[in-house]
Amino acid sequence: MLDIALYILAALLIVGGLAGSVLPALPGIPMVFGGIWLVAAVDDYRHLGLWWLLIIGALGTIGIIVDFVAGTLGAKRVGASHRALWGATIGTFVGMFFGIPGLLLGPFAGTLVGELASGTSVLRSAHVGAATWLGLLLGTLFKLVLSFLMVGLFGLAMLFG
């Protein structure tokens with residue numbers, strides 16, 4: 001009976017993690033990995049051994065890193081100033097505390113303020129802010145793809161492991 005409850009908890013973690021890959025309020029990739037690891041532990045690591053967990057964990061780590069630097073990379077791609085890059089980082093961090101609106105607007109606003117502080121025009125600053133936002137959007141898409149890849153590898157391991 002306990003095993004069934006743990007499998008249900010693992011499934012909820014995985015599904016919630018997939019939703020969290022898009023919704024900033026949930027730590028998506030860690031939840032997916034936690035659910036996968038819970039299934040492996042309940043299964044006594046028969047199907048999902050050390051190597052599978054290391055590979056899935058490495059993908060998750062890449063996803064988390066991309067999530068944190070995507071906005072900054074978007075700004076850097078269009079030649080943002082050093083202050084704008086710091087603004088994107090600070091805006092992303094501060095935006096995390098304000099849910100979805102904060103994560104959508106925080107990096108843009110931080111980049112805009114940083115670029116304006118460097119003495120560039122409002123139009124150029126808005127362009128850099130939009131590139132930051134686009135970087136975040138692509139980072140979220142990448143994180144979602146990695147989350148599904150983690151679940152797919154988990155499924156392969158359970159079938160063939």
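These questions and answers cover a helix, a core and a pocket in a predicted model.

Residues are numbered from 1 along each chain as its sequence is written. In this predicted model, local features need pLDDT of at least 70, side-chain atom pairs count only at pLDDT 80 or more, totals for chains, interfaces and linings use all residues, and side-chain values use heavy atoms, with hydrogens and water left out.

Reader: How far apart are the end C-alpha atoms of helix 2?
Author: Helices are DSSP runs (H or I, at least four residues), numbered from the N terminus. The expected span is 1.5 Å times one less than the number of residues. Helix 2 has 15 residues, 28-42, so it should span 21 Å. The model agrees: the end C-alpha atoms are 21 Å apart.

Reader: Which element gives the most to the largest nonpolar core?
Author: A nonpolar core is a set of buried (under 20% relative accessible area, 1.4 Å probe, protein chains only) Ala, Val, Leu, Ile, Met, Phe, Trp, Tyr and Cys residues joined through side-chain atoms within 4.5 Å. The largest has 19 residues. Helix 1, helix 2, helix 3 and helix 6 each give two or more. The top giver, with seven residues, is helix 2.

Reader: Which residues does F154 contact, leaving aside neighbours within four places in sequence?
Author: Contact means heavy atoms within 4.5 Å. F154 is among the residues with the most contacts inside the largest core. Its partners are I14, I36, V39, L48 and I56.

Reader: Which residue follows helix 2?
Author: Look just past the end of helix 2, residues 28-42. The residue there has a positive phi, near 60°. It is D44.

Terms used
Buried < 20%, exposed > 50% of the residue type's maximum accessible area, 1.4 Å probe, protein only.
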